[in-house]
Amino acid sequence: MILRLERVEHLPSGWLWLILSQADGSLMPMMNPGQFVEVGVDRSEVLLNRPISIYNRTDRTLELLVAPIGRATKALRDYEAGDTLRVIGPLGQGFRSDFAPGSKVLLVGGGVGIAPLYYQACELVKKGVETEVIFGMRTAPDQAIIDRFAEVCDIKVCTDDGSAGFHGLVTAHPDFGKAKDYIQVCGPKPMMKACLKDAVSRGTEGEVSLENMMACGLGACLCCVEKTVKGNVCVCKEGPVFKFDQLTW
Ligand SMILES: Cc1cc2nc3c(=O)[nH]c(=O)nc-3n(C[C@H](O)[C@H](O)[C@H](O)COP(=O)(O)OP(=O)(O)OC[C@H]3O[C@@H](n4cnc5c(N)ncnc54)[C@H](O)[C@@H]3O)c2cc1C
Ligand code: FES
């Protein structure tokens with residue numbers, strides 16, 4: 001797809017919030033929360049597309065939340081409204097969402113791993129699922145991100161430096177241990193491992209969304225392989241979302 005940037009917000013943390021539409025005016029394809037797109041950043045010297053989660057999707061727009069950390073994502077800072085991007089997707093398998101109304105689901109995001117959880121929170125709330133988010137960051141996150149979640153569901157913030165919300169790790173937050181029917185996590189691997197270990201010890205099922213390095217995004221290059229109970233699988237095709245009991249962590 002060729003997508004046109006409708007708006008680019010430079011958030012105080014340096015993160016980018018991109019709002020895109022189809023350059024030819026057509027509707028955005030259906031996308032499930034937890035799926036991702038591969039973005040071609042032609043203005044960087046990077047040849048390979050980069051995987052970016054679906055932050056939100058409407059019939060007319062796709063939203064992405066990007067932490068500029070490397071060559072491609074930093075080059076995105078130079079894009080403005082009216083510019084276009086090559087985007088492939090949606091790709092991969094998203095989060096489970098077939099919960100009964102009234103079930104309690106906890107979404108845990110670490111850093112830019114919060115990105116796929118907004119669309120998921122919106123879908124769960126629409127289904128009558130009691131949804132709570134715990135968002136862990138090194139330092140105070142962008143208020144715009146918190147405010148947006150807060151319009152949809154309960155959100156708690158944890159920071160490593162105590163500059164906002166609860167001072168400590170997401171797994172130490174008092175709400176983390178409260179009884180839930182399911183937990184869905186996206187963030188740095190050590191955080192996801194800690195969440196999985198804690199939840200499993202309490203008999204709570206859940207899923208994690210892996211952010212392995214990717215190249216083709218289509219299951220062809222094998223650079224994103226993860227060891228699972230079924231053997232080595234491509235995260236881009238079989239994931240990025242995996243149930244706790246599928247992983248060998
Ligand atoms: C499914 C999925 C969804 C994602 N969603 C988002 C999102 O919504 N928002 C977002 O900001 N990011 C997201 N990411 C992460 C993003 O795709 C990566 O950080 C990407 O590499 C950034 O590209 P870059 O060119 O800017 O940085 P790169 O140049 O790729 O560098 C990124 C970091 O990785 C290190 N690195 C580079 N190559 C390797 C390698 N081969 N092995 C190990 N480390 C390496 C670099 O040193 C640097 O610290 C997602 C990743 C996946 C897999
Ligand atoms: S990124 Fe190429 S196989 Fe997954």
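1. Two strands pair if DSSP finds at least two bridges between them. In this predicted model, strand β14 (residues 225–228) and strand β15 (residues 231–234) meet that condition, pairing in the antiparallel sense over four bridges. Valine 225 stands opposite cysteine 234 in β15, and the two strands are joined by a hairpin that passes through two residues.

2. One open sheet has seven strands in the order β4-β3-β7-β1-β2-β6-β5, and its pairing is antiparallel. Its edges are formed by β4 (50–53) and β5 (56–57), each of which pairs on one side only. At the β4 edge, strand β3 (residues 36–40) pairs with β4 in the antiparallel sense over four bridges, with glutamate 38 placed opposite proline 51 in β4.

3. A further open sheet, also of seven strands, follows the order β11-β10-β9-β8-β12-β13-β16, and here the pairing is mixed. Because β11 (166–167) and β16 (241–243) stand at its edges with a single partner strand each, one side of each is left without a neighbour in the sheet. Within this sheet, strand β8 (residues 104–110) and strand β9 (residues 130–137) run parallel and are joined by seven bridges; leucine 106 has glutamate 132 in β9 as its bridge partner.

4. In soluble globular proteins, nonpolar side chains tend to be buried together. The largest nonpolar core of this model has 63 residues, and those with the most contacts inside it are Leu65, Val108, Val133, Ile134 and Cys195. If neighbours within four places in sequence are left aside, leucine 65 is in contact with Trp15, Trp17, Tyr55, Val112 and Ala115.

5. Ala115 also belongs to helix α2 (residues 115–126), whose buried residues are Ala115, Pro116, Leu117, Tyr118, Tyr119, Gln120, Ala121 and Leu124. The helix is followed by glycine 128, which has a positive phi, near 80 degrees.

6. The surroundings of ligand 1 comprise 22 residues, of which Ser53, Gly70, Ala72, Thr73 and Ala115 come nearest. The elements giving two or more residues to this shell are β4, β6 (62–66) and α1 (71–75). By residue class, the shell divides into 14 nonpolar, four polar and four charged residues.

7. Where does ligand 1 lie with respect to domain 1 and domain 3? Residues of domain 1 (2–91) and of domain 3 (210–249) both contribute to the shell around ligand 1, so the ligand lies between these two domains.

How values were computed: Residues are numbered from 1 along each chain as its sequence is written. Chains are lettered from A and ligands numbered from 1 in the order in which they are written. This is a predicted model: local features need pLDDT of at least 70, side-chain atom pairs count only at pLDDT 80 or more; totals for chains, interfaces and linings use all residues. A nonpolar core is a set of buried Ala, Val, Leu, Ile, Met, Phe, Trp, Tyr and Cys residues joined through C-beta atoms within 7 Å. A residue is buried if 20 or more other C-beta atoms lie within 10 Å of its own, exposed if 12 or fewer, and partly exposed in between; C-beta atoms are placed from the backbone. Two residues are in contact if their C-beta atoms, placed from the backbone, lie within 7 Å. A residue is near a molecule or strand if its C-beta atom, placed from the backbone, lies within 6 Å of it. Ala, Val, Leu, Ile, Met, Phe, Trp, Tyr, Cys and Pro count as nonpolar, Asp, Glu, Lys and Arg as charged, and the others, Gly among them, as polar. Domain bounds come from an automatic or database domain assignment.
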